[in-house]
Amino acid sequence: ETAPNFDPIYFAFDSSEFRAGTEDTLQTMAEYLLKNSKVTITIGGHSDERGTAEYNLALAERRARKAQDFLAHLGVPADRMSSTSYGEERPAAEGHGEEVWSKNRRDEFQVGSK
């Protein structure tokens, strides 16, 4: 079975709280991970360009941790998950303004295997 590409989840400005529907996305991800014991996941947290580099790294880390903690709560073993923070360094969209920033405030999921 080919691992699915999990869609990013997005966050409001200056927030690591889930938006509506995010928990459903993570529930689907957890179900897949629990059925496929050799699959691992790396969660990359991202922020928009506003704020200092240090602040954005910390915010992106909180976002990645939030998703990781939620997946752990659903039963995904800790040894199959990792998280990393990219802050503002890897934007999904270039430019300025809310339309761009809203695409950059996200967690992305990289599927791997043991």
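**Close-up views of a predicted model**

At 17% relative accessibility, F18 counts as buried. The model shown in these views is predicted.

**View 1. F18 takes part in a cluster of aromatic rings.** Three aromatic pairs turn up in a search of the whole structure. One of them joins F11 to F18. This pair is tilted, with 6.3 Å centre to centre and 35° between the planes. Both F11 and F18 are buried. Another pair joins F18 to F70, and its geometry is edge-to-face. Here the centres are 5.6 Å apart and the planes stand at 90°. The F18–F70 pair links distant parts of the chain. F18 belongs to the loop between β1 and α1, F70 to helix α2, and 52 residues separate them. F70 has 16% relative accessibility, so it counts as buried under the 20% cut-off. Ring pairs thus connect F11, F18 and F70.

**View 2. The charged end of K66 sits over the ring of F18.** The distance from this charged end to the ring centre is 5.1 Å. The ring beneath it is the one that pairs with F11 and with F70. F18 itself has a relative accessibility of 17%.

**View 3. Helix α1 has its buried residues on one side.** The helix spans residues 22-35, 14 residues in total. From first C-alpha to last it reaches 20 Å, close to the 20 Å expected at 1.5 Å a residue. Which residues of α1 are buried? They are T22, L26, M29, A30, Y32 and L33. These residues cover an arc of only 160° around the axis, so they lie on the same side of α1. The face turned away from the buried side carries the exposed residues D24 and K35. The cover over the buried residues of α1 includes β1 (9-10), β2, α2 and β4 (106-113).

**View 4. Helix α2 reaches 30 Å from its first C-alpha to its last.** That span is close to the 30 Å expected at 1.5 Å a residue. The helix has 21 residues. Its buried residues are N56, L59, A60, R63, A64, A67, Q68, F70 and L71. Among them, F70 also pairs with the ring of F18. What covers the buried residues of α2? The cover includes β1, α1, β2, β3 (81-87) and β4. Just after α2 comes G75, with a positive phi of about 105°.

**View 5. D48 is a buried residue in a loop.** The loop runs between β2 (39-46) and α2 (53-73). The relative accessible area of D48 is 4%, so it falls under the 20% cut-off for buried. Which side chain does the side chain of D48 meet in a polar contact? It meets that of R105, at 3.3 Å. Neighbours within four places in sequence aside, D48 is in contact with F13, N56, E88, W101, N104 and R105. One of these, N56, is among the buried residues of α2.

**View 6. V100 in helix α3 and its separation from D48.** Helix α3 covers residues 98-104. V100 is buried, with a relative accessible area of 14%. How far apart are the C-alpha atoms of V100 and D48? They are separated by 8.3 Å, with their positions 52 residues apart along the chain. Leaving out neighbours within four places in sequence, V100 is in contact with A93, E94 and G95.

**View 7. D14 has a positive phi in a residue other than glycine.** The phi of D14 is near 60°. Most residues other than glycine have a negative phi. D14 is found in the loop between β1 and α1. F18 is in the loop between β1 and α1 too. Is D14 buried, exposed or partly exposed? With a relative accessible area of 40%, D14 is partly exposed.

**View 8. D7 is exposed in the segment before β1.** Its relative accessibility is 56%, so D7 passes the 50% cut-off for exposed. D7 and T84 are 77 residues apart in sequence. In space they are 17 Å apart, C-alpha to C-alpha.

Definitions and conventions. Residues numbered from 1 in each chain as written. Predicted model: local features only at pLDDT ≥ 70, side-chain atom pairs only at ≥ 80, totals over all residues. Heavy atoms only, no water. Helix = DSSP H or I, 4+ residues; strand = E, 2+ residues; numbered from the N terminus. Buried < 20%, exposed > 50% of the residue type's maximum accessible area, 1.4 Å probe, protein only. Polar contact = N/O pair within 3.5 Å; in protein donor to acceptor, adjacent residues only side chain to side chain. Contact = heavy atoms within 4.5 Å. Expected span 1.5 Å × (residues − 1). Arc of directions from axis to C-beta. Phe/Tyr/Trp six-rings, centres within 6.5 Å; stacked < 30°, edge-to-face > 60°. Lys NZ or Arg CZ within 6 Å of the ring centre and 35° of its normal.
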